[in-house]
Amino acid sequence: MHPREQTIFALSSGRAPSAIAIVRVSGSEAATALTSLAGRIPPARMASRALLRDRQGQPIDDSVVLWFPEPASATGEDVAEFHVHGGRAVLASVFAALSSFENVRAAEQGEFTRRAFENGKLDLTEAEGLDDLIHADTDRQRRQALRQLKGLLGDKARDWRARIIEASALIEAGIDFSDEGDVSAELIAPARAKIVALSQEIQEVLAAQGKAERLRDGLVVAIAGPPNVGKSTLINQLARREVAIVSPYAGTTRDVIEVQLDLDGYPVTVIDTAGIRETDDPVEQEGVRRARARAAEADLVLWLVDTPGARHRHEAATPVWTVRNKIDLGAEKSDADFEISAGRGDGIPALISALVIFAQDFFGSEEGGLIARDRQRKLLQQAAVSLHRSILMFEEGEELAAEDLRAAAYSLGRLLGKVDVEDILDVIFSQFCIGK
């Protein structure tokens, strides 16, 4: 039997040990496995208590079982669920019992969701939304992923594709009646109007995106500056825990230290870099090189100084805020963007508030964003280019315009996963956890 036709099983809840663990089985042998282990198939979609036994009749666990016959299941196949106590020994016994059936095997990463996609239970944008929802670290990431899972982009793309097909049908009919000028014009004109309106709609979606898709990866803020100005103390203050070694000796931080923060729902990665200075120490030189590279790649640099009048020496195009530290030592006011005491906490709330505002501007209005991934944006751009070219091709001939419309529909089909996406399915679903 082909692996795609085999029945699969996996732990679909948290890692053992746990109070309760859920083992999911999907495929044509799910009913056989459920009958053998639980003694019967319970009523569909109703939780039933059952004593599980292996194929030798030995008891495994007192459990709750559920049965979801195809096609009304998460994967579109027969699905059985075993809710057992989450001990490692219990799970090992359940897995051993399931593995004893012919053509039943452990699932690969993302295989349940892939089968749901292949059986038409969700499109590719919804599958990507599910993956994003699983990996969401902040509330804003969760809300964006949930919008994708609910089909916000997929519904739009299906509507756009249907309208392209309608316009193509009008054009094809106009070509068929090309000998009758009046009939041809009556068909071509509304087709062109549909394409113009659709092209403008997709362009507006692309233009409105800003950096909303970056919400998946988050904002990167690098703390840079000379040695011994308090960079490690500042990242500890922002993280509210000790993530970096603080020392009075210059050059203590030699590698890049990262910490993930949730600032008002925005995911922010703060990077503590090595002090930037000239040095003969080869290890510190490498730290300085990495510090410069990460600062250049960051979305914002906090250039930390500890003396009035000192300015940043960061030459990249990245926005830079000069932050003067150690104001608790009593020095006079400076012209820095922010003045703080990383050790005592003075000025930290104002700096965090400014970072939240920067994140709001950086991500834009992600609440209305349709695009969450680079793949989605590129395919929409391809569709927009094909539609624009189709409009121009009406002057050259309706056949050329129809060909560009087919290209636009093809791009939207790839967006939804309807056509020619085998090359990317393995990449997308390999990012899922096993059991999803």
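In this predicted model, the buried residues of helix H3 are Glu111, Phe112, Thr113, Arg114, Arg115, Ala116 and Phe117. Helix H3 spans residues 111-118 and is mostly covered, with seven of its eight residues buried. Just after H3, Gly120 adopts a positive phi of about 75°.

A second element of interest is the open sheet. Six strands form this sheet in the order S8-S9-S7-S10-S11-S12, and their pairing is mixed. Strand S8 (257-263) and strand S12 (338-339) stand at the edges with a single partner strand each, so one side of each is left without a neighbour in the sheet.

Strand S7, residues 219-224, pairs in the parallel sense with strand S9, residues 266-272, over five bridges. S7 also pairs in the parallel sense with strand S10, residues 300-305, over four bridges. Strands of a sheet pair through backbone hydrogen bonds, in either a parallel or an antiparallel sense. Individual bridge partners of S7 residues are listed below.

| Residue in S7 | Bridge partner | Partner strand |
|---|---|---|
| Leu219 | Val268 | S9 |
| Ala222 | Ile271 | S9 |
| Ala224 | Trp303 | S10 |

How many of the six residues of S7 are buried? Six of the six are buried, and S7 is thus described as mostly covered. In a regular strand the side chains alternate between the two faces of the sheet. In S7, Leu219, Val221 and Ile223 point one way, whereas Val220, Ala222 and Ala224 point the other way, and all are buried.

Methods. Residues numbered from 1 in each chain as written. Predicted model: local features only at pLDDT ≥ 70, side-chain atom pairs only at ≥ 80, totals over all residues. Heavy atoms only, no water. Pairing = 2+ DSSP bridges. Helix = DSSP H or I, 4+ residues; strand = E, 2+ residues; numbered from the N terminus. Buried < 20%, exposed > 50% of the residue type's maximum accessible area, 1.4 Å probe, protein only.
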